[in-house]
Amino acid sequence: MTAAEISRIAGVTRATVSNWRRRHDDFPAPSAGTETSPLYDLPAVQAWLRGRGHTSAAAPTEELRTALRLLGPGSGVAARLFPLVAAVSRRAPEELDEFAALPDDQLIARAEKTAGELPASLPEAEPVRYGPDDAGAVRALLGCVREAGPQAAADVLAERELDEGAASGVYQTPKGLALLMARLLPADTSRVLDPACGSGTLLAAAAQQGARELFGQDSLPVQGRRTAIRLLLAAPEAETAIRVGDSLRHDAFPDVTVDAVLCNPPFADRDWGHDELAYDPRWAYGLPPRFESELAWVQHALAHLEPGGHAVMLLPPALAFRSSGRRVRAELIRGGALRAVVSLPARAAYPLHIGLQIWVLQRPEPGGTDRTTVLFVDGEGEQRDGTPGTTPATDTATADAGTRGCSRPRRSGSSSSAASSSTAAFDWAGLTDRVLGQWAAFTTAPDTYADEPGIARAVPLVDLLDDVVDVTPARHVRATAADIDPAALARRVDDLHKQLAEQVAALAASSASDGWQPSGASAREWRTATVSDLARGGALTVLRAATPGTRGSKGSSAPTVERPVLAARDIAAGSPPSGTAVDIHADAAQPVAAGDVLVRAVAGGGDAAAMTRVADDQDAGALLGQHIHLLRPDPARLDPWFLAGFLGAEDNIASASTGSTHVHITPGRLRVPLLPLEEQRRYGEAFRRVHELRAAVRRTADLAADTATALTTGLTAGVLLPPDSPGGPAKPGSRSV
């Protein structure tokens with residue numbers, strides 16, 4: 001283990017570990033590594049810490065990760081520990097403590113006996129054998145099950161096995177999203193299949209809604225085992241059947257039909273079996289194109305449904321409009337199989353840079369009612385401006401206008417991820433209520449369903465069957481001229497003009513030039529010190545210098561956070577904390593305090609956005625995001641605004657950076673003038689004024705953009721008239737162009 005890992009276990013800084021090495025002769029000597037990057041034996045370090053009264057400060061999951069890593073790649077211990085997790089999942093804490101306290105030889109023997117009690121509960125389970133070297137991992141596993149729960153332990157094992165198998169692109173479905181998808185199914189749904197089950201999040205959500213027969217299949221054995229354990233814990237009374245294999249090529253349930261299918265399938269998989277499956281009877285709506293693997297999964301799901309059964313699938317947005325899938329989309333619509341499409345905001349689920357979509361499908365019933373419309377719900381408006389269903393181009397028109405209301409395939413989405421659900425700032429409950437409300441109204445009375453412009457609309461099938469067959473929700477739900485109240489929009493424009501005039505006046509006041517004097521015939525010169533120098537002298541503390549580009553291990557579970565997260569983009573934009581759980585650095589649990597100086601760790605070449613920020617009361621309590629260096633100055637020695645101003649200077653950033661397209665800032669190399677505190681405060685007040693000027697510019701620009709958008713929308717929609725020209729209003733009968 002590294003010195004950094006020792007610091008995490010002991011709950012101290014790396015500097016403290018270095019001091020221990022120098023001052024204590026009995027500190028364990030390095031057992032591997034190099035002189036500059038030594039590695040230490042974990043049991044020896046733990047024994048030394050216990051001897052000095054240091055209890056472990058690391059989370060049980062981190063201790064298990066460390067124990068697994070120390071066994072080295074290729075050990076296979078993660079896979080062999082899955083049966084043990086299942087077997088001890090319901091053991092009492094006292095029994096787990098007694099188990100973990102056994103000597104190594106007895107511990108291994110008991111672990112083998114215990115793991116053999118439930119071999120049939122996991123797919124591809126075989127009798128397991130543990131060796132003497134596995135004792136540390138077994139103890140760490142038992143501690144993790146006791147303190148963090150068996151599901152957390154299973155997730156760590158899966159993370160390790162996925163990393164060793166180089167299974168990239170495996171992401172977990174956020175729990176809020178899984179529950180939304182499960183709640184789109186009818187209330188009496190009992191039999192549910194997930195043909196790309198990953199870690200079992202969707203099947204667990206279905207069980208939470210009352211499903212009692214659960215079928216799952218995944219191409220990765222580790223994910224099958226993970227699902228089995230999740231369902232064992234989440235739905236112990238349900239009948240489960242989990243299989244391993246490629247669902248499209250080797251369907252483990254060829255004769256099974258179910259009430260519902262929930263699925264987050266792999267995306268952009270070019271090797272899904274197009275040629276060998278060309279004549280497969282599942283393609284009732286047309287052979288899926290070679291590069292449209294998602295349409296193969298859609299038809300696979302429909303083929304497993306009872307007549308009238310529903311499939312709810314998470315799919316990429318390009319599937320809604322790519323020309324290659326047009327014919328299959330048209331047949332799904334013409335046949336009445338596509339019932340609804342719901343768009344999600346970007347960052348709601350992986351991959352974070354795009355807004356995914358939920359497709360709701362239903363297998364037609366012989367002699368059933370003909371379906372004449374498809375429901376579209378636009379949830380992307382949440383990402384745009386916090387107002388559901390509105391875009392920057394229409395938000396001012398609808399806010400009070402009388403309206404109601406990748407190169408590698410992305411593997412099974414119900415799997416594991418570096419940071420999963422973005423539940424910290426994303427309002428899953430609000431989105432779920434809106435989507436379910438629209439879906440309930442639509443399914444109850446589709447012929448009389450009342451559209452909500454900008455949010456949801458039921459579109460006749462005939463209007464969808466054009467040359468494009470585009471089923472993107474934003475294309476169909478956007479507000480039209482008929483949805484806009486001219487008087488309300490005119491009031492909105494008038495209000496925006498007043499706000500803009502006030503903001504322009506505030507900008508002028510912020511940019512006043514009085515009081516700024518030249519320093520003399522030449523620039524001032526002063527002695528400077530680096531941030532590292534100031535930290536060694538105790539003038540400030542670098543609480544966490546984020547390593548650019550590092551995150552939690554690919555399979556690690558996301559933290560569950562209730563606080564907002566301050567992201568690097570918030571520093572650049574001057575906005576309040578807007579980050580979510582996916583933005584948290586893997587080892588960041590440090591809340592921001594008022595007066596902290598925050599420095600972006602990465603910037604694009606030529607980036608003119610703010611690089612530093614002084615945390616205020618609005619930021620206080622937020623968790624620190626990735627790619628941010630946090631410096632906490634001693635207010636008796638350093639003024640925070642003085643510090644932030646000089647740290648963010650262009651020349652200072654350039655001298656402490658590496659890279660060209662994206663520069664990485666090393667905070668210890670940033671330099672600060674050595675000035676008396678009173679003079680620091682004078683500079684700090686000036687830098688505060690500069691900050692206020694920058695903020696005023698942003699607010700003015702935002703208001704100007706909103707005003708221009710509202711005017712353009714009103715004029716082009718025909719609900720606003722142009723003002724009289726300087727020569728007077730146009731005369732009736734004047735010739736037009």
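**Reading charge pairs, cysteines and backbone angles**

Modeller: Start with Glu-95, which is partly exposed, its relative accessible area being 29%. The model is predicted, and the class follows because 29% falls between the cut-offs of 20% for buried and 50% for exposed.

Colleague: With which residue does Glu-95 form a salt bridge?

Modeller: The general idea comes first. Side chains of opposite charge can pair when their charged atoms come close. Here the partner of Glu-95 is Arg-110, with 3.7 Å between the closest N and O atoms. The pair links distant parts of the chain, 15 residues apart: Glu-95 sits in helix H6 (residues 93–100) and Arg-110 in helix H7 (residues 104–115). Arg-110 is partly exposed as well, at a relative accessible area of 23%.

Colleague: Which residues are linked with Glu-95 in a network of salt bridges?

Modeller: Arg-91, Glu-98 and Arg-110 are linked with Glu-95 in that network. For the whole structure, the search finds 28 salt bridges.

Colleague: What is the N to O distance in the salt bridge of Arg-249 and Asp-271?

Modeller: The side chains of Arg-249 and Asp-271 meet at 3.0 Å, N to O. Arg-249 lies in the loop between strand S5 (239–244) and strand S6 (258–263), and Asp-271 in the loop between S6 and helix H13 (293–303), so this salt bridge ties together parts that are 22 residues apart in sequence. As for accessibility, Arg-249 is partly exposed at 24%, while Asp-271 is exposed at 54%.

Colleague: Where do Asp-533 and Arg-536 lie?

Modeller: Asp-533 and Arg-536 are both in helix H21 (residues 531–536), three residues apart, about one turn of the helix. Their closest N and O atoms are 2.6 Å apart, and the two residues form a salt bridge. Asp-533 is partly exposed, with a relative accessible area of 35%, whereas Arg-536 is exposed, with 65%.

Colleague: Now the cysteines. How many disulfides does a search of the whole structure find?

Modeller: The rule is a distance test: two cysteine sulfur atoms must lie within 2.5 Å. The search finds zero such pairs in the whole structure. Cys-263 shows the case, since its nearest cysteine sulfur, that of Cys-197, is 9.1 Å away, and that exceeds the 2.5 Å cut-off.

Colleague: Is Cys-263 buried or exposed?

Modeller: Cys-263 counts as buried, at 0% relative accessibility. Cys-144 is buried too, with a relative accessible area of 0%.

Colleague: With which side chain does the side chain of Ser-199 make a polar contact?

Modeller: The contact is with the side chain of Thr-201, at 3.3 Å. Ser-199 belongs to the loop between strand S3 (191–194) and helix H11 (201–208). Ser-199 is a loop residue, yet its relative accessible area is 0%, and it is buried.

Colleague: Last, the backbone. What phi does Ala-268 have?

Modeller: Ala-268 has a positive phi of about 55°, although this residue is not a glycine. Its place is the loop between S6 and H13. Ala-268 is partly exposed, with a relative accessible area of 29%.

Colleague: Where does His-627 lie, and what is its phi?

Modeller: His-627 lies in the loop between strand S18 (623–624) and strand S19 (628–633). Its phi is positive, about 60°, and His-627 is not a glycine either. With 24% relative accessibility, His-627 counts as partly exposed.

Technical notes
Residues numbered from 1 in each chain as written. Predicted model: local features only at pLDDT ≥ 70, side-chain atom pairs only at ≥ 80, totals over all residues. Heavy atoms only, no water. Buried < 20%, exposed > 50% of the residue type's maximum accessible area, 1.4 Å probe, protein only. Salt bridge = Lys/Arg side-chain N within 4 Å of Asp/Glu carboxyl O. Helix = DSSP H or I, 4+ residues; strand = E, 2+ residues; numbered from the N terminus. Polar contact = N/O pair within 3.5 Å; in protein donor to acceptor, adjacent residues only side chain to side chain.
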